[in-house]
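Biologist: Before we go through the details, could you show me how to read the surroundings of a ligand and the packing of a helix in a model such as this one?

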Amino acid sequence: MPAAETPSTVIDAPVAEPSPVAPAGPGQLVMTAPRRGKPPRHFADLEPSERGEAMVALGEKAFRGKQLATQWFERLEDDPARMTDLPAASRERIAAALLPTLLTPVRTLTADKGTTVKSLYRLHDGALIETVLMRYKNRDTLCISSQAGCGMNCPFCATGQAGLTRNLSTAEIVEQVTAASRALARGEVAGGPGRVGNIVFMGMGEALANYRSAVAAVRRIVTPAPDGLGISARGVTMSTVGLVPAIDKFAQEGIAATLALSLHAPDDELRDELVPINRRWKVGEALDAARRYFEATGRRVSIEYALIKDVNDQAWRADRLGKLLNARGRGWVHVNPIPLNPTPGSKWTASDPAVERAFVAALEARGIPTTIRDTRGSEIDGACGQLAAIGPEQPTTGQVTLGLPTAGKPA
Ligand code: SAH
């Protein structure tokens, strides 16, 4: 493997060969995505300032860039024939050059009377990703993917267990949002016409490990129409295992998004197992970075905590978490316990309701705002940690076990 292609960060164990099919062995992290053929360039990859140039390169007037942005991002039009402000003779050529199909729908599963929709898409190279749309009374939330698979290898997460296939391009991320926005605007989703107001980077992948594309996608999503999709930055949540330098960088981007930190344990001993990146950045360092994010943006941080029966759900752990958060100030954070969603072959289950209540009570006793996350879509494997993008022809993943084998050869 040439040096340039070797994954850059190794945590305690050799990093798996970046093969598109072989997942990392337990405890191994893959920080750098395998290289595969680049997805075709798409209009949504371009900064507003690059669009005029792209049109000129096609022999068109520069202002066509703005017109196409209005059609694509504001009107959510995807049929070139209906882009009647573009010259008829140019429409097909512009579309062929700038609007290649990036996401091909493979399968859609619904729950909650059609108001929760999990969509499986195939990318240009056959990689699969998923999104989940969740319609609530007063808001529509879309959970999107930033990578095909994930290299973070959290043992309780189906995506993590399947390994990392590759990073998504900016447009591959943005187009998940465009597609859902279009379906909602056209009234194609149960519950009547709507618009995506909330975006959570809680689908497949560790977005901050695909920093450049993910942050460019956030910009495209929050830039007011017609240059972007015009979704409020306050409605965007970036979820991370705790890549400290990337959190600090994101804090300086001038985007008022929410940060969610997947903590899952307040002690390094357990977190080293549940979230293997903890071997690199410890609980205290991740929480310090989360606090700095709050200071830089004024946005209250979410702490995600999957409650796993008899693993991390003890009231003393809630109490320890409350202490750690209060040690860093008041009013800057809230905790989102998530009842564990089952994943294929996992022996772990969600905590008992009484244990869950005691966990919440212990945090509240320390003054920490705490809300149990509603787990939508578990019956269609569309809830947190269940996105494995298993195509109709693929078998499910194997057994998930607790405990990391000693560092050794790549699996
Ligand atoms: N890589 C990002 C996004 C992951 S998905 C991150 O780790 O934050 C969003 C959340 O779902 C994370 O907090 C993740 O830890 C959590 N999650 C993963 N598997 C889960 C499961 N089986 N049950 C409940 N939550 C899970």
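Modeller: Let us start with the ligand, keeping in mind that this is a predicted model. The residues of the shell around the ligand divide into 11 nonpolar, six polar and two charged.

Biologist: Which residues are the closest to the ligand, and which strands each supply at least two residues of the shell?

Modeller: The ligand is surrounded by 19 residues, of which C157, S239, S262, C384 and G385 are the closest. At least two residues of the shell come from each of the strands β8 (236-240) and β10 (301-307).

Biologist: How much of the protein counts as buried, and how many helices and strands are there?

Modeller: Of its 411 residues, 49% count as buried, and the secondary structure consists of 11 helices and 11 strands. Among contacts between residues at least 6 apart in sequence, 68% join residues that are at least 24 apart.

Biologist: Now to a single loop residue: is G203 buried or exposed?

Modeller: A residue is called buried if 20 or more other C-beta atoms lie within 10 Å of its own. G203 has 26 C-beta neighbours inside 10 Å, and therefore counts as buried, although it is found in a loop, the one between β7 (196-201) and α6 (211-222).

Biologist: Which residues does G203 touch, leaving aside those up to four places away in sequence?

Modeller: G203 touches E130, T131, V132, C143, I144, S145 and L387. As for A148, which is 55 residues from G203 along the chain, the C-alpha atoms of the two are separated by 9.7 Å.

Biologist: Turning to helix α1, which of its residues are buried, and why can they be placed on the same side?

Modeller: In α1, residues 48-57, the buried residues are R51, A54 and M55. They cover an arc of only 100 degrees around the axis, and so they lie on the same side of α1. The other side of the helix carries S49, E50, E53 and A57, which are exposed.

Biologist: What do the buried residues of α1 pack against?

Modeller: They pack against α2 (64-74) and α3 (88-98). The axes of α1 and α2 come within 7 Å and cross at roughly 115 degrees, and the contact is made by P48, R51, G52, A54 and M55 of α1 together with R64, G65 and A69 of α2. By class, this contact has four nonpolar, two polar and two charged residues.

Biologist: And what phi does G59 take, just after α1?

Modeller: G59 takes a positive phi there, of about 85 degrees.

Key. Residues numbered from 1 in each chain as written. Predicted model: local features only at pLDDT ≥ 70, side-chain atom pairs only at ≥ 80, totals over all residues. Near = placed C-beta within 6 Å. Helix = DSSP H or I, 4+ residues; strand = E, 2+ residues; numbered from the N terminus. Nonpolar A, V, L, I, M, F, W, Y, C, P; charged D, E, K, R; others polar. Buried ≥ 20, exposed ≤ 12 C-beta atoms within 10 Å, placed from the backbone. Contact = placed C-beta atoms within 7 Å. Arc of directions from axis to C-beta. Axes fitted to C-alpha atoms, helices over the stretch in contact; angles between N-to-C directions.
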